[in-house]
Amino acid sequence: MKKKIYKKYRKSKLYYPSMKLLMRILQYKKPKDIIVFESNVGKHVGDSPLLIYLAWLEYDENQKFIWVYNKKFPKKYKSKNTKCIKRLSIQYYYYIVRAKLVVNNQNLPYYVLINKRGLYLQTWHGTPIKKMQNDLDNIVGRDSGYLSRVNLAASRWTHLLAQSTYAGECFSSAFKHNAKTLYLGYPRNDLFFNVKNKESIYKKFNLNMDKKIILYAPTFREQGNVIKKKYQQELPFNPHEILDSLSEEYVFLIKGHLIANIINVEFDEQVIDVSNIQDINELILISDVVITDYSSLMFDAIHSDAKILLYPYDLKEYEYKLRGFYLDYKKDLPFKKCYTQDELIKGIEDNTINNYQEFKDKFVSYDDKNASKRIVEYFVSELQKIKLGD
């Protein structure tokens with residue numbers, strides 16, 4: 001009976017206004033001794049929020065945590081003081097506005113309030129190459145109220161992580177936030193410095209260790225058909241033809257973006273769809289070749305042993321019609337750029353060793369194996385200044 005009443009209330013016109021009223025009242029109360037984590041709008045337990053959570057568990061297993069996750073919380077990450085709640089539930093609004101710290105890698109809904117005495121760490125999910133939000137000359141694929149909503153959401157951040165000074169400057173202009181920028185590195189990239197045994201990752205994804213791996217992970221494009229809130233994107237090359245042309249044995253992993261599906265490709269044992277795998281860094285770690293275009297993943301892949309190739313087949317259209325860049329794409333990115341399928345094949349087989357140290361120093365200078373630990377230590381100190389309530 002209670003479930004039926006809740007479902008009816010949840011679907012009613014009263015639900016969101018009442019949740020907003022609840023938050024307006026509770027935001028002035030002293031925060032509770034809880035920390036809330038959310039990753040990829042509740043669809044994922046991963047990325048930098050997960051690494052911070054795990055580091056905090058090591059520091060203090062008695063700390064109370066809330067994870068926003070719409071499925072069953074993974075047992076391997078569960079602690080005695082970790083509670084899982086669904087996004088946009090009553091508990092969701094209650095715990096976020098009562099938390100002493102909220103950690104997220106994307107924006108909360110624009111109307112969600114943070115406790116007036118609490119902290120909100122925005123880890124974001126990558127160093128930008130392509131322009132974002134307030135830096136866009138033309139916003140494609142969004143309604144007229146989009147910019148005001150995301151600006152309001154960003155105005156509630158108290159702290160923002162950045163991988164480099166460059167990233168911090170881009171975030172400042174793109175989001176026009178008032179948060180304190182923390183140059184402490186990206187926790188999710190701790191993986192590249194700490195993994196000693198890659199064999200477990202091969203087994204996790206059921207991949208053959210005897211074959212080399214090519215990972216293709218393009219950014220999304222705000223164009224094409226949208227089905228179930230995802231853009232439908234065509235693969236700009238034939239992976240089977242590429243595999244047939246290579247002198248060594250490879251498998252091709254195709255990773256669609258979170259809000260984009262890759263279509264027009266036949267998946268099999270040689271060409272594998274890994275779009276449902278959320279934490280791409282594990283895939284990068286075991287890859288011999290990483291191919292992308294305008295995705296920030298290149299700033300993470302630079303820490304791996306993989307060869308990084310760029311395939312900007314639609315560079316002019318993307319730069320002038322869709323997004324534009326913070327960098328000079330051709331001059332500032334040191335990775336080999338391939339514009340045709342034949343150039344891509346040559347790029348894969350090219351054994352030239354490149355030194356990317358200058359690029360690392362400029363764009364990923366704060367990454368190392370201890371970013372998660374540094375962030376926990378920082379916020380433990382900051383949270384001691386906050387008076388907690390019941």
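Visitor: Which residues in H3 are buried?
Guide: In this predicted model, the buried residues of H3 are Asp-47, Ser-48, Pro-49, Leu-50, Ile-52, Tyr-53, Ala-55, Trp-56 and Leu-57.

Visitor: What covers the buried residues of H3?
Guide: The cover includes five strand segments and a helix: E1 (32-38), E2 (64-68), E3 (82-85), E4 (99-104), E5 (119-122) and H16.

Visitor: And how many residues does H3 have?
Guide: H3 has 13 residues. From first C-alpha to last, H3 reaches 19 Å, close to the 18 Å expected at 1.5 Å a residue.

Visitor: Back to H16. At what angle do the axes of H3 and H16 cross?
Guide: Roughly 65 degrees, and the axes come within 9 Å. H3 covers residues 47-59 and H16 covers residues 371-383. The two helices are therefore roughly perpendicular to each other.

Visitor: Is the crossing left-handed or right-handed?
Guide: H3 passes H16 in a right-handed crossing.

Visitor: Which residues in H3 and H16 meet?
Guide: On the H3 side, Leu-51, Ile-52, Ala-55, Trp-56 and Tyr-59. They meet Ser-372, Lys-373, Ile-375, Val-376, Phe-379, Val-380 and Leu-383 in H16. By class, that contact has 10 nonpolar, 1 polar and 1 charged residues. Ile-52, Ala-55 and Trp-56 are also among the buried residues of H3.

Visitor: New topic. Where does Lys-316 lie?
Guide: Lys-316 is in helix H12, residues 315-322.

Visitor: Why does Lys-316 count as exposed?
Guide: Because its relative accessibility is 67%, and exposed means over 50%.

Visitor: How far apart are Lys-316 and Leu-21?
Guide: They are 295 residues apart in sequence and 48 Å apart in space, C-alpha to C-alpha.

Technical notes: Residues are numbered from 1 along each chain as its sequence is written. This is a predicted model: local features need pLDDT of at least 70, side-chain atom pairs count only at pLDDT 80 or more; totals for chains, interfaces and linings use all residues. Side-chain values use heavy atoms; hydrogens and water are left out. Axes are lines fitted to C-alpha atoms, for helices over the stretch in contact, and angles run from 0 to 180 degrees between N-to-C directions. Helices (H or I, at least four residues) and strands (E, at least two) are DSSP runs, numbered from the N terminus. Angles under 35 degrees count as roughly parallel, over 145 as roughly antiparallel, 65 to 115 as roughly perpendicular and the rest as oblique. A crossing is left-handed if the near helix is turned anticlockwise from the far one by less than a right angle, and right-handed if clockwise. Contact means heavy atoms within 4.5 Å. Ala, Val, Leu, Ile, Met, Phe, Trp, Tyr, Cys and Pro count as nonpolar, Asp, Glu, Lys and Arg as charged, and the others, Gly among them, as polar. The expected span of a helix is 1.5 Å times one less than its number of residues. Buried means under 20% relative accessible area, exposed over 50%, partly exposed in between (1.4 Å probe, protein chains only).
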